[in-house]
Amino acid sequence: MSKRIAFLRIAQETNALSPVLTSIDDFRRTHFFEHGDLLDRCQPRGEEAPGFLRNAELSGFVKAMKRLAGDEVELVPMFSAWMIPAGPLTEDAVRWFLDRIRREFEAAGHLDGVYVSLHGAMRGVVFEEPEADFLETIRKLVGPDVPVVASLDLHAQMSRRKADTGALFLAYHTNPHRDHASTGARCADVLYKAVTGQARPVMAWRTLPMVLGGGFTLDFLAPMRGVFRYIRRVMRHPKVMDASALMVQLWNDDKHLGWACTAIVDGDTLLAEEVAHELAHKLWSVRHHMPPLFPTADEAMVQIRRAKWARRLGTICLSDASDMVGAGAVGENTRLLRTLLEEGEGMRIFATVRDEEVVEALWGTSEGARVEVEVGGKICPELSRPLPVEGVVRGRSTDHGFGRRVLLDLGHMQLIVTEGPPLAMKPMFYRSMGLKPMKADVVMVKSLFPFRLFFLCQNRKTIYARTRGMTDFDAPYRVQFAHPVHPVHPVSDWQTVDALRRGAWY
Ligand SMILES: [Zn+2]
């Protein structure tokens, strides 16, 4: 008889500092597929996440499962809900998912295995750690013996509640993330072997009292390159099925926030513990490599002026590092925008800001009309002030997921005002409003790393500018941690806090 394996996704990277809560409608608007449609999207010709990725974890999982099992496994597609980084989930949103999980599993009947694609840094206003609630519910529905495998982003937060569900966790091995599909395939491998009895996977994990380190944390640069090399080496051991390093996302208010690692081993608990322990040591050893301190807006302007050749041969990507929508910021901070507007005369600048009111007010205005408005600084007035601008309306468009957008010509700046979060990460963000990034001196992006891949053809120089906002690197200094955490407090060893957090003494 064929084995029945269910798969589903509930993913969002939460920025706990954002006051803009995430509702079910946000998921539905951004990415929500179910059942047969979801399975079709995970086939070789399907598109799993339109507008984001052609293939991600679920299609990687489906493809690998087909290769491993053929008709031996019946896949039960449940649903896939994905939302871009934003504020915590509302209570209703979490309850909606819990109810949906219950109904899906009841309708599915007997299952031999479950794959869940999560982010791992989801937060909620009432349910503080919604992903733990999802996994606990799944565990109750399938019983203690059915293998559950969960994939995570490497910016996930590992916790005792998650681990206590008995799910096996593994994460991306790349940053910026390029291995969504192969992570799904790794999950298929572990789950297939578990379901068919070819292996008896056991997981060990460690959590570290550190929230920063590893420099830029890119997998191909020192010091993290060494850590990922170690992971690849250890995975060659015949009994080691998988290993992952988790480096958290900084804008998470979990009082146990910290880097972590997991190791999945076939039938050998001691070896799993050993691998996890060794990997934790490796992670702890890079804690003093702090991320670089980004220039201020004024310092960034000096760099931009000097980079004449970069501007002539292409463009400069200027990352608004304190307002990264790609990391869950609201996208309405005007601090960098103000500097660009006041001091960028003579350059051609493409920029963006979120302002629902302005989009609403200008939506009916005819193209070519001269307008005066105040943009940004309205959702979080404590972080930045609204910026008065005067210019000409040049275009309008509606973007699936992010709502309506208006293009304002402010002379040296072309400003896209958006109704929803301005996820300026790909050239398409500007191109879809008729702007050619190659022709600009400066293109503002609201992302930390991924834009570097997408803008590879246009970008001649990357500059990060820090002002003050929702995605500053000093965010952990504002969190009340349950235990001392590096680099907020002096911490001499990782093992005490690890033991406390996991409830394990050794
Ligand atoms: Zn990530």
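Analyst: Welcome! Two strands count as paired if DSSP finds at least two bridges between them, strands being DSSP runs of E with at least two residues and helices runs of H or I with at least four, both numbered from the N terminus. This is a predicted model, in which local features need pLDDT of at least 70 and side-chain atom pairs count only at pLDDT 80 or more, while totals for chains, interfaces and linings use all residues. Residues are numbered from 1 along each chain as its sequence is written.

User: In which order do the 3 strands of the open sheet stand?

Analyst: The edge strands are β7 (201-207) and β8 (240-246), each pairing on one side only. The pairing in this open sheet is antiparallel, and the twist averages 10° from one strand to the next (axes are lines fitted to C-alpha atoms, for helices over the stretch in contact, and angles run from 0 to 180 degrees between N-to-C directions). That gives the order β7-β9-β8.

User: Which residue is the bridge partner of A204 in β9?

Analyst: β7 runs antiparallel to β9 (residues 260-266), and 7 bridges join them. In β9, the residue that bridges to A204 is A263.

User: At about what angle to β9 does helix α9 run?

Analyst: Helix α9 covers residues 269-284. It lies across β7, β8 and β9. Its angle to β9 is about 155°.

User: Which residue of β3 stands opposite E34?

Analyst: β3 (residues 73-82) has two pairings to look at. Strand β1 (residues 3-11) runs parallel to β3 with 8 bridges, and there I5 partners L75. Strand β2 (residues 32-34) pairs with β3 in the antiparallel sense over 3 bridges, and opposite E34 stands F79.

User: How many of the 10 residues of β3 are buried?

Analyst: A residue is buried if 20 or more other C-beta atoms lie within 10 Å of its own, exposed if 12 or fewer, and partly exposed in between, with C-beta atoms placed from the backbone. By that count β3 is mostly covered, and its buried residues number 7.

User: What arc around the axis do the buried residues of α4 cover?

Analyst: In helix α4 (residues 91-108), the buried residues are A93, V94, F97, I101 and F105. They lie on the same side of α4 because their arc, taken from the directions from the helix axis to the C-beta atoms, is narrow enough to put them there. On the other side, D99, R103, E106 and A107 are exposed. The arc is only 95°.

User: What phi does G109 take?

Analyst: G109 comes just after α4. Its phi is positive, at about 75°.

How values were computed
Two residues are in contact if their C-beta atoms, placed from the backbone, lie within 7 Å.
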